[in-house]
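Biologist: Could you pull up the model so we can go through how it packs? I'll ask, you reason it out.

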Amino acid sequence: MRNIVNEKLKNKIKNMIINQGPIDLSMFMEICLHDNDFGYYSLNNQVVGGKGDFITAPEISQVFGELIALNLFDNFKNSKINKINLVELGPGKGTLMNDILSTFDKIKNNNISINSLLFEKSNHLKSLQEKNLLNHQCKWIKNINEIPNLPTYFIANEFFDALPINQAISKGGLWHERKIDLKDDNLFFSSGKKLSNQPKENPYPDGRILEERLETKNILKIILEIILKNEGSLLIIDYGQTNDKILNSNSIQSIKDHQVSSIFENLGTTDISSWVNFSDIIKSLPKNINIQGPITQREYLINLGIQERFEKLGKNKSSLIRRSLFADFERLVSNSYMGQAFKVMVLSSKKLSKFTGFN
Ligand code: SAH
């Protein structure tokens, strides 16, 4: 089944290049991830989770969602807001939203009314989310603008890394578009036209790479407008760097069966993503937005009390269960797993209280 998908998707891309010439990386990513018939997110219900290609924090442990729920709840109270839109961007299997809403339900007399909304592009994942969120009232939106006028808290865990990006490559002192081309039936990166607006970055030596995230910018713009109009925040949790030197290089990666693979292999059955550029996001923000972080996922979860929560869960449990809990804890916070590479940042309107967990 997988090989047929790979071949069919490759043929689609090949025909496109034959007909219209080399294509942008963003177009390539869009087709590989979202093609209606053969795209990664359209087809494969095992994309996230232990048996999938990559495992995300909510799929590791419910504690992740519980801590985020308490962090949000703290902010609702401190900001004196009790009617809220809670919007998750790219909810995968719906596990994080489920853990968050279940945690709210457990808070007695919480006195908070939540309109929970899910923004999901894949129909396939949407139906999985519907099944997993049967116990809660949720709505799905196709467009971020479809949100009622209420204070709005957005959550994006491993969402921005999945959005298509473009790249430029330096050659002979100038920056050129980086394209996907075809030769002898093989896809490869080629350099296209020189950019009409040359970036300020040093183009030497040849082969340096710059990345451009148009879709991230467009979505952020809408989110910031909503937050500024109605009050609210955006919580971003994703792998990314804040060091400019590392940023100025190729951050595109493809993961299949928990292993790094080539983006030109296993088209449609392998995940393609890129590192989130937190510095760029910060540079693009209007002045009236509060920024907290980015801090590492390790710092954030430890500040929110992950250690104490896991200790409580393990109390009076068998050594087998305690070992498994400890393994989950380590995956979330250890520097060699998610703790260091994943960063957490909150953007919020000025009237909102500051989030706890950031100092
Ligand atoms: N947040 C989830 C899943 C991350 S995978 C988790 O932590 O487990 C990325 C998710 O973003 C998937 O649900 C994918 O279908 C969705 N997605 C990717 N691009 C999207 C877009 N342009 N609009 C809406 N959802 C998108």
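Modeller: Sure. For helix packing, axes are lines fitted to C-alpha atoms over the stretch in contact, and angles run from 0 to 180 degrees between N-to-C directions. Keep in mind that this is a predicted model.

Biologist: Okay, how do the axes of H12 and H13 run: roughly parallel or roughly antiparallel?

Modeller: H12 covers residues 306-314 and H13 covers residues 319-333; their axes come within 9 Å and cross at roughly 165 degrees. Angles over 145 count as roughly antiparallel. So H12 against H13 is roughly antiparallel.

Biologist: And is H12 passing H13 in a left-handed or a right-handed crossing, and which class leads among the contact residues?

Modeller: The crossing is right-handed. On the H12 side you have Ile306, Gln307, Phe310, Leu313 and Gly314, and they meet Arg322, Leu325, Asp328, Phe329, Leu332 and Val333 of H13. Two of the contact residues are polar, two are charged and seven are nonpolar.

Biologist: Which residues touch the most other members of the largest nonpolar core, and which helix gives that core its largest share?

Modeller: That core has 45 residues, and Leu72 and Leu332 touch the most other members. Leu332 also reaches across the sequence: leaving aside neighbours within four places, its contacts include Ala57, Ile60, Phe64, Leu301, Ile306, Phe310 and Met338. As for the largest share, it is eight residues, from H5.

Biologist: How do H5 and H6 pack: oblique or roughly perpendicular?

Modeller: H5 spans residues 62-78. Its axis sits 8 Å from that of H6 (residues 95-106), at an angle of about 55 degrees. Roughly perpendicular would take 65 to 115 degrees. That makes the H5 and H6 pair oblique.

Biologist: What handedness does that crossing have, and how many nonpolar residues are in the contact?

Modeller: The H5 and H6 crossing is right-handed. H5 brings residues including Phe64, Ile68, Leu72, Phe73 and Phe76, while H6 brings Leu96, Asp99, Ile100, Thr103 and Phe104. By class, the H5 contact with H6 has two charged residues, three polar and, for your count, ten nonpolar.

Biologist: Which residues of H2 are buried?

Modeller: H2 runs over residues 25-34, and eight of its ten residues are buried, so this helix is largely enclosed by the rest of the structure. The buried ones are Leu25, Ser26, Phe28, Met29, Ile31, Cys32, Leu33 and His34.

Biologist: Is Ile295 buried or exposed?

Modeller: Ile295 is part of strand E15, residues 289-296. Not counting residues up to four places away in sequence, Ile295 touches Tyr300, Asn303, Phe342, Lys343, Val344, Gly357 and Phe358. Its relative accessible area is 13%, and under 20% counts as buried. Ile295 is therefore buried.

Biologist: Backbone check: which residue pairs are joined by a cis peptide bond?

Modeller: One cis bond leads into Pro205, in the loop between E8 and E9, and its omega is about -10 degrees. Another leads into Pro294, which lies in E15, with omega about 0 degrees. The pairs are Tyr204 and Pro205, and Gly293 and Pro294.

Biologist: Asp184 and Asn266 have positive phi without being glycine. Which of them counts as exposed, and which as partly exposed?

Modeller: Phi is near 45 degrees for Asp184, which lies in the loop between E7 and E8. Asn266 has phi of about 50 degrees and lies in the loop between E12 and E13. Relative accessibility is 67% for Asp184 and 26% for Asn266. So exposed goes to Asp184, and partly exposed to Asn266.

Terms used. Residues are numbered from 1 along each chain as its sequence is written. This is a predicted model: local features need pLDDT of at least 70, side-chain atom pairs count only at pLDDT 80 or more; totals for chains, interfaces and linings use all residues. Side-chain values use heavy atoms; hydrogens and water are left out. Helices (H or I, at least four residues) and strands (E, at least two) are DSSP runs, numbered from the N terminus. Angles under 35 degrees count as roughly parallel, over 145 as roughly antiparallel, 65 to 115 as roughly perpendicular and the rest as oblique. A crossing is left-handed if the near helix is turned anticlockwise from the far one by less than a right angle, and right-handed if clockwise. Contact means heavy atoms within 4.5 Å. Ala, Val, Leu, Ile, Met, Phe, Trp, Tyr, Cys and Pro count as nonpolar, Asp, Glu, Lys and Arg as charged, and the others, Gly among them, as polar. Buried means under 20% relative accessible area, exposed over 50%, partly exposed in between (1.4 Å probe, protein chains only). A nonpolar core is a set of buried Ala, Val, Leu, Ile, Met, Phe, Trp, Tyr and Cys residues joined through side-chain atoms within 4.5 Å.
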